[in-house]
Amino acid sequence: MFAKTVGESLSSLEIGAGRLRRGFVRSTVVLDIESDLAVSWLMPLLTEDVLDALNVHLDVRVRPDPPRSVLGDADLAVSWGAVQCTGFKTERFLDPIVFPVASPALFGAGTKLEDLGIFTSNRLIHERGLYWWRRSFETLGLSLDDAAGHLFFNRSHLCLEAAVRGLGLAMGDDATCAAHLATGALVRLPQPEMPSRDGYYLLVPDRTQLSRPVQRVRDWLIEVAHQTRYSRKSAAIKRP
């Protein structure tokens, strides 16, 4: 009797879930995206007003590393570097510009951010390796051997979080740091900009007409990517 009751309950649940899927299938949009970009760039953009305006059931699937293929049920994907996937076309999306950032709490009153001593007197936060800070120090005429210390993470959003907490200087970019810079949680340190080694691409179904929900999400992603580029140009104009 117990087994029969459990079986009937599972059967009812399966039927209910099937109805839910069938009811949502036309308005659910699955977005496949790498976790760092999702946490640092996408999440601050997903406000109540944005979700109401999109009027879709957004299903965000994150991966530890940038997708090199598209999930079987994904409607859209954001990849690091151009990826060739059957049934999808790629659109250039974001071209990050890299620069050092830090919490303003690190610096005392009267500290001049132009002082190169900032870079050697604070811990350097790295994502996986030394590449970006080595490039930065070479540009500044400094040596990594003179750094006060090092802290490593394998995720860029953890590097930024560590910087927000005042644990050292991190490398950020105009996409993933935008929210922190806007709130003042991080400040950009004076240094020549460094173009990223690659860019993010938007993978869109390769067909003549997208469904309206997918089209709305695609158009919104393109719009906010354009705003990121516009903000970069505005900042460059204001910078002395």
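The following dialogue examines how several labels applied to this predicted model are justified.

Colleague: What is the overall make-up of the chain in helices and strands?

Modeller: The chain contains eight helices and eleven strands. Buried residues account for 40% of its 240 residues. The accessible surface comes to about 13500 Å², and 54% of that surface belongs to carbon and sulfur atoms.

Colleague: What share of the contacts between residues at least 6 apart in sequence joins residues at least 24 apart?

Modeller: The share is 79%.

Colleague: Why is the pair Glu 91 and Arg 218 called a salt bridge?

Modeller: The closest N and O atoms of Glu 91 and Arg 218 are 3.0 Å apart. The criterion asks for a side-chain nitrogen of Lys or Arg within 4 Å of a carboxyl oxygen of Asp or Glu, so the pair qualifies. Glu 91 lies in strand 4 (residues 88–94) and Arg 218 in helix 8 (residues 212–238), so the salt bridge ties together parts that are 127 residues apart in sequence. Both partners are buried.

Colleague: What makes such pairing possible in general terms?

Modeller: Side chains of opposite charge can pair when their charged atoms come close. In this chain, the count of salt bridges by the rule comes to nine.

Colleague: How do you know that Asp 95 and Arg 92 form a salt bridge, and are the two residues buried or partly exposed?

Modeller: The closest N and O atoms of Asp 95 and Arg 92 are 2.5 Å apart, and the limit is 4 Å, so the pair is counted as a salt bridge. Asp 95 has a relative accessible area of 27%, and Arg 92 has one of 42%. Partly exposed covers the range between 20% and 50%, so that term applies to Asp 95 and to Arg 92.

Colleague: What makes the pair Arg 188 and Glu 193 both a polar contact and a salt bridge?

Modeller: The side chains of Arg 188 and Glu 193 are joined by a polar contact of 3.0 Å; the limit for that label is 3.5 Å, so the distance satisfies it. For the salt bridge, the closest N and O atoms are 3.0 Å apart, and this lies within 4 Å, so the second label holds as well. Another group of salt bridges shares partners, joining Asp 59, Arg 61 and Asp 73 into one network.

Colleague: Where is Arg 188 placed, and why is Arg 188 called partly exposed?

Modeller: Arg 188 belongs to strand 9 (residues 187–188). Its relative accessible area is 23%, which lies between 20% and 50%, so Arg 188 is partly exposed. Glu 193, at 32% relative accessibility, is likewise partly exposed. The C-alpha atom of Arg 188 is separated by 9.5 Å from that of Asp 173, a residue 15 places apart along the chain.

Colleague: Why is Asn 122 called buried, and where is Asn 122 found?

Modeller: The relative accessibility of Asn 122 is 12%; buried means under 20%, so the label follows. Asn 122 is found in the loop between helix 4 (117–121) and strand 6. Leaving aside residues up to four places away in sequence, Asn 122 touches Leu 106, Phe 107, Ala 148 and Leu 169.

Colleague: Which polar partners does the side chain of Asn 122 have?

Modeller: A polar atom of this side chain lies 2.9 Å from the backbone oxygen of Ile 118. The side chain of Asn 122 also makes a polar contact of 3.5 Å with the side chain of Ser 121.

Colleague: What is notable about phi at Asn 55 and at Arg 128?

Modeller: Asn 55 has a positive phi of about 55° although it is not a glycine, and Arg 128, also not a glycine, has a positive phi of about 70°. Asn 55 lies in the loop between helix 3 (48–54) and strand 2 (57–63). Arg 128 is placed in the loop between strand 6 (124–127) and helix 5 (131–140).

Colleague: Why does Asn 55 count as exposed?

Modeller: Its relative accessibility is 56%, and exposed means over 50%, so Asn 55 meets the condition.

Colleague: How many disulfides are found, and are Cys 85 and Cys 159 buried or exposed?

Modeller: A search of the whole structure finds zero disulfides. Cys 85 has a relative accessible area of 14% and Cys 159 has a relative accessibility of 3%. Buried means under 20%, so the term applies to Cys 85 and to Cys 159.

Key. Residues are numbered from 1 along each chain as its sequence is written. This is a predicted model: local features need pLDDT of at least 70, side-chain atom pairs count only at pLDDT 80 or more; totals for chains, interfaces and linings use all residues. Side-chain values use heavy atoms; hydrogens and water are left out. Helices (H or I, at least four residues) and strands (E, at least two) are DSSP runs, numbered from the N terminus. Buried means under 20% relative accessible area, exposed over 50%, partly exposed in between (1.4 Å probe, protein chains only). A polar contact is a pair of N or O atoms within 3.5 Å; within protein, one must be able to donate a hydrogen and the other to accept it, and residues adjacent in sequence count only if both atoms are side-chain atoms. Contact means heavy atoms within 4.5 Å. Accessible areas come from the Shrake-Rupley method with a 1.4 Å probe; for residues, only the protein chains shown count as cover. A disulfide is a pair of cysteine sulfur atoms within 2.5 Å.
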